[in-house]
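Student: Hey, I've just opened this one and don't know where to begin. Can you walk me through it?
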Amino acid sequence: MYACPMHPEYRRAEPGHCALCGCALESEVVAAEPGILPELADFQRRLAWSLPCVVALLALTMGPMWISGLAWLEHSSWSGWLQWLLATPVVAWAGWPFLRRAISSFAVRLNMFTLIGLGVSVAYLYSVAALLIPGVFPPSARSEMGGIALYFEPAAVIVMLVLAGQVLELRARARTGDALRSLLDLAPAMALRIDEAGSESEVALTEVKAQDKLRVLPGARIPVDGLIIEGSSAVDESMVTGESIPVSRAAGDRLIGGTVNGNGSLVMWAERSGAQGTLARIVSLVAEAQRSRAPIHALADRVSAWFVPSIVLVAVVSSLVWWWIGPEPRLAHALVAGVTVLIIACPCAVGLATPMSMTVAMGRGARLGVLFREAAALEALARLDVLACDKTGTLTVGQPVVEAIWLTEGWQEGEVLRLAAGVARQSDHPLAKAVVRAARDRGVRPALAREVQSVAGGGTRGRCDTFEVTLGSAEFSGVGDAFGADADSARRSGASLVFCALNGQAAGVFVARDPLRAEAAAAVQKLRQLGLRLVMLTGDSQPAAQYVANTLGLDQVVAGLRPEQKAEAIRRLQVGGALVGMAGDGINDAPALAAADVGIAMGGGTDVAKQTAGVTLLTGDLSAIVRALLLARATLGNVRQNLWLAFGYNALGVPLAAGVLYPVLGWTLTPAFAALAMSLSSVTVIANALRLSRLRV
């Protein structure tokens, strides 16, 4: 399908132009190779063929003014006929795409091609009439020599300059897909497949299917998403997640297609084909978001709705004023003023101001590990006043770590840890897993446990060697009193306690805490510097939440919330018109993500969170929120710049074209200059938008 970049709701099955604005339609599918737009090729051909005619026409009409030996051409009886012969193919053939769109615009909606078509048609038809039936023209149309001015040359030059401007614009628009194509380029063309006999062969990536066994050589790009079944290595995932430091990957870990393997050789299972992998999904999501419309784009639509009719009225009034009080030949001056106003005021730059910036920004965001579901999410993020965050998995790692082990008299740490880990490794509880990791980190091999039983909300018990091991809460273990004031102090600081009893006697307690993300403090400080009010919304206990908030310097904490209460807390923050964002990664965050003005799903979060959020971060790194916010604000600033450029150009150009300076300075703009200025305004807006592709955040 093909869609209009300025009106994405207008779609067609084949290339063409938008009936609403006349803009060339673009493919909704991002090609790996940039190729060339059908309309761009057509316009380039028309421009190449019209150029010799326009050059000859300029020599015929401008030559006598510069070369004295050609003065006779000015009064030659056949000069007008030769001008008509040179201008007709330019206007009728090279300019036909513009004339056709101008005609269709009267049936749908007036647009930039309405003004171009009117300007070119009036100049050309006036000249044809002056050439064929000069007797019908009044004295006000005649020069001092009695002749009637012909405007074949301005009509042809306008067509050529508009064609040139469209070529430059289409080439610039083609560059907005470069960021997505660079992502597609991350996938290698070939993969090394291992067959059932164990032999390896190189196959095209398009032939790789789910469950294929693949080898990834050191330094090679990982062909598709998959699971490591053999080997270990450090993998550079920066091109997808934005993480600059390679991450360790071993058997059982997942790989992302397009990332770069380090020094180790890996064998992997392909989870899906390349067409269904992470890169393909990223490109699809970004392309879809680029076709959405930001609320600020409605401003350009509202302006365009009255702008074109207003310009037609200004052109008519300008022509009447020149005809009424202008110098002789008044009718000729009136025609020039009207045509110049029509040409210079084309609103193309206004229409391009928002979609070009949004399109480039979303492509840049994809390279930074930030995916926007729609343009409205990008704009909302730029205007954000309050950022609410979940605690676990967003501000913290989401994985408890044993930071201390307290023992009762007579017990050794290694022995208690060996027995506790033996029971804990048969439990899925996060605190039990923390105990197992503590044993592994300290080089302690867990004991062999039997008769293990887990009690929801309590803990786990079982037998190891000759001991009955009970691991869990103070109440479940029955030994909470053994650590008294120290345990209470640890709880107040936000720590979680896992009590261990051996044969019914207190042996030790594991002090666990969900550590803050390494980048959390710096990211929070940066967000505060950017003017955001930071709030934590968490289902965790008040002491644990308050400890994190105090450590990071958050503005507000609301703890002990159920999922629906988080959404209600978001609505309370929105009272008074504040724009509120919500960052989270879990199923319990989904209602709040949906209630927020913009939801931000952290990388590694649940699918529900990602489907609910307007912004998805490919990494769980909090600094990605900073990058997303800086990109969004730069984009909104770029849109404002484009709108000022577009509106400022028209605010200056239309009065000059109407001739307001003629009484003071004695000069006016020509239609050819107006066509050049109109084309350059569109190119300027696109060039300004493309600056976002080089933005560093």
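Student: Which element of the chain has the lowest mean pLDDT, and which has the highest?

Tutor: This is a predicted model, so that's a fair place to begin. Helix α2 (residues 71-74) has the lowest mean pLDDT among the elements, at 53, and strand β6 (residues 213-216) has the highest, at 94.

Student: And what's the mean pLDDT of the chain?

Tutor: The chain's mean pLDDT is 82, and 84% of its residues reach 70 or more. Where pLDDT is low, the predicted coordinates should not be read in detail.

Student: OK, sheets now. In what order do the strands of the open sheet come?

Tutor: The order is β5-β4-β6-β12-β7-β10, so you're looking at 6 strands with antiparallel pairing. At the edges are β5 (200-204) and β10 (254-255), each pairing on one side only.

Student: How many bridges join β7 to β10?

Tutor: There are 2 bridges between strand β7 (residues 226-230) and β10, and the two run antiparallel. If you want a spot to click on, Gly 226 has Leu 255 in β10 as its bridge partner.

Student: Moving along the chain, what does β17 pair with?

Tutor: Strand β17 (residues 459-464) pairs with strand β16 (residues 449-455) in the antiparallel sense, over 5 bridges. Another 6 bridges join β17 to strand β18 (residues 467-472), again antiparallel.

Student: Which residues stand opposite each other there?

Tutor: Gln 453 stands opposite Arg 461 in β17. On the β18 side, Thr 460 has Leu 471 as its bridge partner.

Student: What about the turn between β17 and β18?

Tutor: Those strands form a hairpin with 2 residues between them. Asp 465 sits in the turn and has a positive phi of about 55 degrees.

Student: New topic: how many disulfides are there in the whole structure?

Tutor: The search finds 0 disulfides. Take Cys 464: the nearest cysteine sulfur belongs to Cys 500 and is 9.2 Å away. For a disulfide, the sulfurs would have to be within 2.5 Å.

Student: Are those two cysteines buried or exposed?

Tutor: Cys 464 is buried, with a relative accessible area of 0%. Cys 500 counts as buried too, at 0% relative accessibility.

Student: What about rings? How many aromatic pairs turn up?

Tutor: The count comes to 7 aromatic pairs. One of them is Tyr 124 with Phe 152, which is edge-to-face, at 5.7 Å centre to centre and 70 degrees between the planes.

Student: Why does that pair tie together separate parts?

Tutor: Because Tyr 124 lies in helix α5 (residues 112-132) and Phe 152 in helix α6 (residues 152-174), the pair ties together parts that are 28 residues apart in sequence. Tyr 124 is buried with a relative accessible area of 14%, and Phe 152 is buried at 0%.

Student: And the rings of Phe 483 and Phe 499, what sort of pair is that?

Tutor: That pair is tilted, because the planes are at 50 degrees; the ring centres are 6.0 Å apart. Phe 483 is in the loop between α17 (474-477) and α18 (484-492), while Phe 499 is in strand β19 (residues 496-502), 16 residues apart. Both Phe 483 and Phe 499 are buried.

Student: Last one: which ring faces have an arginine lying over them?

Tutor: Arg 46 lies over the face of Trp 93, at 5.0 Å from the ring centre. Arg 513 lies over the face of Tyr 547, at 4.3 Å from the ring centre.

Terms used:
Residues numbered from 1 in each chain as written. Predicted model: local features only at pLDDT ≥ 70, side-chain atom pairs only at ≥ 80, totals over all residues. Heavy atoms only, no water. pLDDT = per-residue confidence, 0-100. Helix = DSSP H or I, 4+ residues; strand = E, 2+ residues; numbered from the N terminus. Buried < 20%, exposed > 50% of the residue type's maximum accessible area, 1.4 Å probe, protein only. Phe/Tyr/Trp six-rings, centres within 6.5 Å; stacked < 30°, edge-to-face > 60°. Lys NZ or Arg CZ within 6 Å of the ring centre and 35° of its normal.
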